[in-house]
Amino acid sequence: MYVGTLSFDLLLGDVRSLKEKRSVVRPIVAELQRKYAVSAAEVDHMDLHRRAVIGLALVSGDAGHLSEVLDRCERLVAARPEVELLSVGRRFHGEDD
């Protein structure tokens with residue numbers, strides 16, 4: 001069994017309130033969940049309206065598949081024009097951990 005996690009530190013564009021922030025972050029989280037069957041949520045900077053951290057996790061029996069899905073998730077978030085991807089944290093836990 002392999003477990004992979006990603007955390008995306010995002011700078012949001014022209015957002016002036018927490019309500020506007022939710023309207024940007026929620027669709028990203030929903031698309032990640034729907035397209036790639038990952039567990040995803042906003043996990044940090046809840047009180048800042050121009051910053052967000054989205055975390056996601058995936059469990060797989062195949063390390064190659066896990067890495068491929070994490071790469072796709074990263075590309076999806078990086079391609080969103082309404083956010084700037086400041087950093088990505090990736091962790092991979094395998095059978096030997």
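**Exercise 1. The surroundings of Met-46**

Which residues does Met-46 touch, not counting residues up to four places away in sequence?

*Solution.* The structure is a predicted model. Begin with the location: Met-46 sits in the loop between E2 and E3. Next, list its contacts. Leaving out residues up to four places away in sequence, Met-46 touches Leu-18 and Lys-21. Then check the distance for one of these. Met-46 and Lys-21 are 25 residues apart along the chain, and their C-alpha atoms are separated by 9.5 Å. Last, take the accessibility. The relative accessible area of Met-46 is 48%, and partly exposed covers values between 20% and 50%, so Met-46 is partly exposed.

**Exercise 2. Helix H1**

Work out what span helix H1 should have, and find which of its residues are buried and what they pack against.

*Solution.* Start with the length. Helix H1 covers residues 18-36, which is 19 residues. At 1.5 Å a residue the expected span is 27 Å, and the end C-alpha atoms are 27 Å apart, so the two agree.

Now the buried side. The buried residues of H1 are Lys-21, Val-24, Val-25, Ile-28, Val-29, Glu-31, Leu-32 and Tyr-36. An α-helix has 3.6 residues a turn, so residues three or four places apart point the same way. The partners of these buried residues are strands E1 (2-12), E2 (39-44), E3 (51-60) and E4 (83-93), together with helix H2 (63-78).

Finish with the end of the helix: just after H1, Ala-37 has a positive phi of about 55°.

**Exercise 3. The sheet and the helices on it**

Give the strand order, identify the edge strands, and place the two helices on the sheet.

*Solution.* The open sheet has four strands in the order E2-E3-E1-E4, with antiparallel pairing. E2 and E4 each have a single partner strand and therefore stand at the edges, where one side of each lacks a neighbour in the sheet. From one strand to the next, the twist averages 20°.

For one pair in detail, take E1 and E3. They run antiparallel and are joined by ten bridges. Within this pair, Asp-9 is opposite Val-53 in E3.

Then add the helices. H1 lies across E1, E2, E3 and E4, at about 10° to E3. H2 also packs on the sheet, where it touches E1, E3 and E4, and its direction makes about 10° with that of E1.

**Exercise 4. Salt bridges**

For three of the nine salt bridges in the whole structure, state the partners and how accessible they are.

*Solution.* Side chains of opposite charge can pair when their charged atoms come close.

1. Asp-9 and Arg-51 meet through their side chains at 2.7 Å, N to O. Asp-9 belongs to strand E1 and Arg-51 to strand E3, so this pair ties together parts 42 residues apart in sequence. Asp-9, at 16% relative accessibility, counts as buried, while Arg-51, at 25%, counts as partly exposed.
2. Asp-14 and Arg-16 form a salt bridge at 2.9 Å, N to O. Both Asp-14 and Arg-16 are exposed.
3. Lys-35 and Glu-31 form a salt bridge at 3.6 Å, N to O. Both lie in helix H1, four residues apart, which is about one turn of the helix. Lys-35 is partly exposed at 47%, and Glu-31 is buried at 18%. Through salt bridges that share partners, Glu-31, Lys-35, Arg-80 and Glu-82 are joined into one network.

Note on methods
Residues are numbered from 1 along each chain as its sequence is written. This is a predicted model: local features need pLDDT of at least 70, side-chain atom pairs count only at pLDDT 80 or more; totals for chains, interfaces and linings use all residues. Side-chain values use heavy atoms; hydrogens and water are left out. The expected span of a helix is 1.5 Å times one less than its number of residues. Buried means under 20% relative accessible area, exposed over 50%, partly exposed in between (1.4 Å probe, protein chains only). Contact means heavy atoms within 4.5 Å. Two strands pair if DSSP finds at least two bridges between them. Axes are lines fitted to C-alpha atoms, for helices over the stretch in contact, and angles run from 0 to 180 degrees between N-to-C directions. A salt bridge is a side-chain nitrogen of Lys or Arg within 4 Å of a carboxyl oxygen of Asp or Glu.
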